[in-house]
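The exercises below ask the reader to work through one protein model, each with a task and a stepwise solution. Please try each task on the coordinates before reading on.

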Amino acid sequence: MSAPDRPIYLDYNGSTPVDPEVIDAMPPFLRKQFGNASSTPPRGRAARSAIEEARAEVAKLIGALPEEAIFTGGGTEAGNRAIRGFAAVAPAGRRRIVTSTIEHPATEMPCRRVERRGFSVSRIAVDEDGASNWLPHAH
């Protein structure tokens, strides 16, 4: 068997190519229309408007409300926000997180943090294909 003519990229978990539509949409914001979306000068307001328009489009695609679509800088931030955000508002009787034994450190570390704060964290084993036959019991 010979080597492929070009490299085969197997780390889509770590980084993925940017969609061509996103690449096409970004040049104005990278070159001339940049601004701090949290500031009030015209550039900031324009940036905020563009973000809110994108948020509405994404929300519509996934069947969510715009305020439910949250943009993050990457997977680590998203995982932290989800796990720690849940932990911040979880009622006393729902202080349990279920994860797997093969999670990336960006997921495992915030689980450890909330576990130290009294949350129950269940780590479910998986088979060689990354699947588990665990099903949560009904409450």
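**Exercise 1. Find the residue whose charge lies over the face of Phe34, and give its distance from the ring centre.**

Solution. In this predicted model, the residue to find is Arg43, which sits over the face of Phe34 at 4.4 Å from the centre of the ring.

**Exercise 2. Determine which residues make up the largest nonpolar core, and which helices supply at least two of them.**

Solution. Step one is to list the members, which are Ile83, Ala87, Ala90, Ile97, Cys111, Val114, Phe119 and Val121, eight residues in all. Step two is to assign them to helices: helix 4 (75-89) and helix 5 (105-116) each contribute at least two residues to this core. Step three is to look at single members, beginning with Cys111, which touches Ile83, Ile97, Thr99, Val121 and Arg123 when residues up to four places away in sequence are not counted. Ile97, in turn, lies in strand 1, and with a relative accessible area of 9%, under the 20% limit, this residue is buried. Leaving aside neighbours within four places in sequence, Ile97 is in contact with Ile83, Phe86, Cys111, Val114, Phe119, Ser120, Val121 and Ser122. By contrast, the C-alpha atoms of Ile97 and Ala59, which are 38 residues apart along the chain, are separated by 26 Å.

**Exercise 3. Search the whole structure for aromatic pairs, and classify what is found.**

Solution. The search returns one aromatic pair. The ring centres of Phe86 and Phe119 are 6.1 Å apart and the planes are at 65 degrees, so the pair counts as edge-to-face, the cut-off for that class being over 60 degrees. The next step is to locate the partners: because Phe86 lies in helix 4 and Phe119 in the loop between helix 5 and strand 2 (120-124), the pair ties together parts that are 33 residues apart in sequence. The last step is to compare exposure, where Phe86 is partly exposed at 30% relative accessibility, whereas Phe119 is buried at 3%.

**Exercise 4. Describe the largest pocket by its volume, the residues closest to its centre and the helices of its lining.**

Solution. Begin with the volume, which is about 500 Å³. Of the 13 lining residues, Val22, Ala25, Met26, Ala50 and Ala54 are the closest to the centre of the pocket. Helix 1 (20-25) and helix 3 (42-62) each supply at least two residues of the lining, and helix 3 gives the most, with five residues. As a closing step, take Ala50, which is found in helix 3 and is partly exposed, with a relative accessible area of 23%. The C-alpha atoms of Ala50 and Ala37 are separated by 8.8 Å, although these residues are 13 apart along the chain.

**Exercise 5. Decide whether Glu108 is buried or exposed, and then identify its contacts beyond four places in sequence.**

Solution. Glu108 lies in helix 5, and its relative accessible area of 11% means that Glu108 is buried. Leaving aside neighbours within four places in sequence, Glu108 is in contact with Glu103 and Arg123. Of these partners, Glu103 is found in the loop between strand 1 (96-100) and helix 5, and at 33% relative accessibility Glu103 counts as partly exposed. To finish, consider the two partners together: Glu103 and Arg123 are 20 residues apart in sequence and 9.2 Å apart in space, C-alpha to C-alpha.

Terms used:
Residues are numbered from 1 along each chain as its sequence is written. This is a predicted model: local features need pLDDT of at least 70, side-chain atom pairs count only at pLDDT 80 or more; totals for chains, interfaces and linings use all residues. Side-chain values use heavy atoms; hydrogens and water are left out. A nonpolar core is a set of buried Ala, Val, Leu, Ile, Met, Phe, Trp, Tyr and Cys residues joined through side-chain atoms within 4.5 Å. Buried means under 20% relative accessible area, exposed over 50%, partly exposed in between (1.4 Å probe, protein chains only). Helices (H or I, at least four residues) and strands (E, at least two) are DSSP runs, numbered from the N terminus. Contact means heavy atoms within 4.5 Å. Rings of Phe, Tyr and Trp (its six-membered ring) pair if their centres lie within 6.5 Å; planes under 30 degrees apart count as stacked, over 60 as edge-to-face and the rest as tilted. A charge sits over a ring if NZ of Lys or CZ of Arg is within 6 Å of the ring centre and within 35 degrees of the ring normal. On a 1 Å grid over the protein atoms alone, a cavity is a set of points where a 1.4 Å probe fits but cannot get out, and a pocket is an open set with protein on both sides within 12 Å along at least five of seven lines; lining residues have an atom within 4 Å of a point. Grid points are joined across faces, edges and corners, and a volume is the space filled by probe spheres set on the points.
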